[in-house]
Amino acid sequence: MNIFKDTIAALALIIVATAASATSLSGNLGDAGNGALVGSDLGAPDFADSNSIANNVALYTFTTSLSGLVTLVSTGFAAGGVDPYFSLFSGSGASATFLDSNYAQAFSTGGDFGYSAMLAAGTYEVAIGTFANMSFAENLGTGTLGDGFISLGDPNALHDGSYSVTLTTPVPEPGTNALLLLGLAALTFRARRNSERS
């Protein structure tokens, strides 16, 4: 009976607390120096005119080590930037599979968006572009990032070409590792002490 109580007490010390880590995904769809940009076909971005720039897409890869709430909040439109469209993919590279987008919001109210979802630990891709430049994976392709984008980005939604999205992912609290070690040490100590009594 004491072993059960001691085990529960030790495990209580191992509960993982989480915090959030925020990352800014920002740039300009018309900036040739923006290394996140690709064209709608995932090839080189095109800067020939506003129509071409409106069909560039910024790709960002992120990894979350914990399952939990992930948020994307756009703030660029209010500051004079693009009317944004984003797509979220699970995995990385061309084989990353489509998960979600801001379709409903983009085609109703438009402008800046707030998005949140519970995601498993893993690697993800976020694609940010202008209104209406959707991923083929959303409804026509194989469902992967490699399908590319439909090239219907609206030049009227480009504005100054800038975008700004804050990505927030769950991370362990700084003291989590210490709590884990303390809990394991307590469990080991109790088990050893109980075996010596036997």
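**Group meeting: the cores, the sheet and Ser135**

Let me start with the largest nonpolar core, which has 24 residues, and in which Phe62, Leu72, Leu88, Ile128 and Tyr163 touch the most other members; a nonpolar core here is a set of buried Ala, Val, Leu, Ile, Met, Phe, Trp, Tyr and Cys residues joined through side-chain atoms within 4.5 Å, and buried means under 20% relative accessible area, with a 1.4 Å probe and protein chains only. Two or more residues of this core come from each of β3 (57-64), β4 (68-74), β5 (84-90), β7 (114-119), β8 (122-130) and β9 (162-172). A second, separate core has eight residues, among them Phe89, Ala96, Ala127 and Leu145.

I should say at once that this is a predicted model, in which local features need pLDDT of at least 70 and side-chain atom pairs count only at pLDDT 80 or more, while totals for chains, interfaces and linings use all residues. Residues are numbered from 1 along each chain as its sequence is written, and side-chain values use heavy atoms, with hydrogens and water left out.

As for the chain, it holds four helices and nine strands, taken as DSSP runs numbered from the N terminus (helices H or I, at least four residues; strands E, at least two). Of its 198 residues, 41% count as buried. If we take contacts, meaning heavy atoms within 4.5 Å, with a separation of 6 or more, then 75% of them join residues 24 or more positions apart.

One of the core residues, Ile128, illustrates this kind of packing: leaving aside neighbours within four places in sequence, Ile128 is in contact with Leu25, Leu29, Asn56, Val57, Ala58, Tyr60, Tyr85, Tyr163 and Val165.

Turning to the sheet, five strands form an open, antiparallel arrangement in the order β2-β3-β8-β5-β6, where two strands pair if DSSP finds at least two bridges between them. The edges are β2 (37-38) and β6 (97-101), and because each has a single partner strand, one side of each is left without a neighbour in the sheet. Between β5 and β8 the antiparallel pairing runs over seven bridges, and Ser90 has Tyr124 in β8 as its bridge partner.

Finally, where does Ser135 sit? Ser135 lies in the loop between β8 and β9, and is nevertheless buried, with a relative accessible area of 1%. The side chain of Ser135 reaches the backbone nitrogen of Ala137 at 3.0 Å, and, not counting residues up to four places away in sequence, Ser135 touches Ser87, Phe89, Gly148 and Phe149; Phe89 is also a member of the second core.

Technical notes
Buried < 20%, exposed > 50% of the residue type's maximum accessible area, 1.4 Å probe, protein only. Polar contact = N/O pair within 3.5 Å; in protein donor to acceptor, adjacent residues only side chain to side chain.
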